[in-house]
Amino acid sequence: MKNSRFRPLWWLALVSVLAAYLWMVAGLRQKILEGRMDFTAFYTGARLVADGRGADLYDARVQAEYQRNFAGRQTPLLFNHPPFELVLLLPLAWLPFPHAYAAWMGVNLALLVWLACLRHPYTRQFPYLRGLPTLVAAAALFPVAWAMMQGQDSIPLLLLFALAWIALRRGQPFRAGCFLALGLFKFQLVVPFMVALIVRRMWPAVRGFVLTGAALAAVSALLVGWTGLWRYVEFLQGINQSLAYGAIRPVAMPNVRGAVTMSVGTVLPAPWPTVLIASLSLLLLILAARKWPRAEDAADARLDLAFALNLMVSLLVSYHLNPHDLALLFLAMALVAQHLAATRGERRWSRTALLASMVVLYVPTLYVPEGMRLPHPMFWLLLLLTIGLAAETSRQRPQETNQPHGS
């Protein structure tokens, strides 16, 4: 391999990133033991189901009681995800809390390695970037690292989106729909992504999504009962209306909702901020749908940019978005990088904007700015990336970008 001479440097980079992870864990040790990281909520949900108290899963008082027992928390970190996600976390419920946290970090790291080692026939421009370099690039992105530290589930979602993209490029839309449905534990990010596929009448993908979603609903009912599912809906409504326990902070979100809330949320009377959020979100969804290839062109290389654009729009219009959710940016960045490598030599303002934005995404302080008084800086960067992607996608033509299929 002509690039094997760089392998020692990549190994050095990986060791440096992992050392940084260990340093972060050491610095956060006390917070972890006190249950101040997000994994506390997931562990609470798993413990409740393991103890046969699935019907009480969405009772905030019960969650608070459990967290006082194993972490001494007075204000609970609420588990507010669908019940089916706990199937993945149930094995950790029988471990002591610190051990469960460490095991979940190991699972996330293993999924990141899986993502880096995915092999498919669509990386001709830089096939040597599979594996170790991809792992380093992903792990060095702040949202990925923060998802790891928080014990969040953003890395599994990143892997599912990557598997869905590969399935689409292989002409397997039904399988892609199944992978996307498995990500419904963050439905606020997955459902907006499906809008473009529905508008473009990719019915096999929609069928896979619906059937898998129905199966997950059945699993959820087995865990908490149908009454528990209804309580989940009421639970979400309650924390959304009261913003209880700090579970939802719109002003801190780097999306349309956060930008509008921060800019005019206290100036315009209700319901105009909501109308503005809905209108801007609809415009972005229409943009993503218009740029998505037709069903007969779904396996075309143009899908790379369209998939990245739809991912960016899904982040922007998401009703709930935290810094660790931006781990999905890595897939969009990888697809854009592949496109830029395939079309190097061309000089366009959109290419420059895309490249510059991707470099800036590695600045960690952008994700958690202190003392915000204006819309989140990441919102403007995401918007710039979306505009650049839309412009670049418009220039692609099927006959210019078709690539042979692989197995």
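**Exercise 1. Lys-186 and its surroundings**

Task: In this predicted model, determine where Lys-186 is placed, whether Lys-186 counts as buried or exposed, and which residues Lys-186 is in contact with, leaving aside neighbours within four places in sequence.

Solution. Begin with the position: Lys-186 is in the loop between H9 and H10. Next, consider the accessibility, which at 3% in relative terms places Lys-186 among the buried residues, because the cut-off for that class is under 20%. Finally, list the contacts: beyond the neighbours within four places, Lys-186 is in contact with His-81, Gln-152, Asp-153, Ser-154, Leu-157, His-324 and Asp-325.

**Exercise 2. The salt bridge of Lys-186**

Task: Establish the N to O distance at which the side chains of Lys-186 and Asp-325 meet, and explain which parts of the chain the pair ties together.

Solution. The side chains of Lys-186 and Asp-325 form a salt bridge, with a distance of 2.9 Å from N to O. Since Lys-186 belongs to the loop between helix H9 (173-182) and H10, while Asp-325 belongs to the loop between helix H14 (302-317) and helix H15 (329-342), the pair ties together parts that are 139 residues apart in sequence. Through salt bridges with shared partners, Asp-153, Lys-186 and Asp-325 are joined into one network. As for the burial of the partner, Asp-325 has 2% relative accessibility and therefore counts as buried.

**Exercise 3. Two further salt bridges**

Task: State how many salt bridges the count comes to, and then describe the pair formed by Arg-36 and Glu-34 and the pair formed by Asp-56 and Arg-53, with the exposure class of Arg-36, Glu-34, Asp-56 and Arg-53.

Solution. The count comes to six salt bridges. In one of them, Arg-36 is paired with Glu-34, and their closest N and O atoms are 3.1 Å apart; Arg-36 is partly exposed at a relative accessible area of 44%, and Glu-34 is likewise partly exposed at 29%. In another, the side chains of Asp-56 and Arg-53 meet at 3.3 Å, N to O, where Asp-56 has 23% relative accessibility and counts as partly exposed, as does Arg-53 with 28%.

**Exercise 4. Helix H6 and the nonpolar core**

Task: Explain why helix H6 (residues 132-139) can be described as largely enclosed, name the helices against which the buried residues of H6 pack, and then identify the residues of the largest nonpolar core that touch the most other members.

Solution. Seven of the eight residues of H6 are buried, so the helix is largely enclosed by the rest of the structure. The buried residues are Leu-132, Pro-133, Thr-134, Leu-135, Val-136, Ala-138 and Ala-139, and the buried part of H6 packs against helix H1 (7-33), helix H5 (97-117), helix H7 (142-150) and H15. Turning to the core, the largest one has 131 residues, of which Phe-39, Phe-161, Trp-292 and Leu-329 touch the most other members. Helix H8 (residues 154-169) contributes the most to this core, giving 13 residues. For Leu-329, once residues up to four places away in sequence are set aside, the residues touched are Met-312, Leu-315, Leu-361, Tyr-367, Met-378 and Leu-382.

**Exercise 5. Helix H3 and the positive phi values**

Task: Describe the start of H3, the buried residues of H3 and the residue that follows H3, and then examine the backbone of Arg-201.

Solution. At the start of H3, the backbone nitrogen of Arg-61 lies within 2.9 Å of a side-chain oxygen of Asp-59. Within H3 (residues 60-70), the buried residues are Ala-60, Val-62, Gln-63, Ala-64, Tyr-66, Gln-67 and Phe-70. After H3 comes Gly-72, with a positive phi near 75°. Arg-201 also has a positive phi, of about 55°, although Arg-201 is not a glycine. Most residues other than glycine have a negative phi. Arg-201 is found in the loop between helix H10 (187-199) and helix H11 (203-242), and Arg-201 is exposed at 60% relative accessible area.

**Exercise 6. The chain as a whole**

Task: Give the helix and strand counts of the protein chain, the share of buried residues, and the accessible area of the nonpolar surface patch that includes Leu-282.

Solution. The protein chain has 18 helices and zero strands, and buried residues make up 54% of its 407 residues. Among contacts with a separation of 6 or more, 75% are between residues 24 or more positions apart. The chain exposes about 18600 Å², of which carbon and sulfur atoms supply 64%. Leu-282, placed in helix H13 (residues 272-291), is one of the residues of a nonpolar surface patch with about 810 Å² of accessible area together, whose other members are Val-267, Leu-268, Trp-272, Val-275, Leu-276, Leu-280, Leu-283 and Ile-286.

Technical notes. Residues are numbered from 1 along each chain as its sequence is written. This is a predicted model: local features need pLDDT of at least 70, side-chain atom pairs count only at pLDDT 80 or more; totals for chains, interfaces and linings use all residues. Side-chain values use heavy atoms; hydrogens and water are left out. Helices (H or I, at least four residues) and strands (E, at least two) are DSSP runs, numbered from the N terminus. Buried means under 20% relative accessible area, exposed over 50%, partly exposed in between (1.4 Å probe, protein chains only). Patches are made of residues with over 30% relative accessible area and no salt bridge: like charges are joined within 9 Å, nonpolar side chains (Val, Leu, Ile, Met, Phe, Trp, Tyr) within 5 Å. Accessible areas come from the Shrake-Rupley method with a 1.4 Å probe; for residues, only the protein chains shown count as cover. A salt bridge is a side-chain nitrogen of Lys or Arg within 4 Å of a carboxyl oxygen of Asp or Glu. A polar contact is a pair of N or O atoms within 3.5 Å; within protein, one must be able to donate a hydrogen and the other to accept it, and residues adjacent in sequence count only if both atoms are side-chain atoms. A nonpolar core is a set of buried Ala, Val, Leu, Ile, Met, Phe, Trp, Tyr and Cys residues joined through side-chain atoms within 4.5 Å. Contact means heavy atoms within 4.5 Å.
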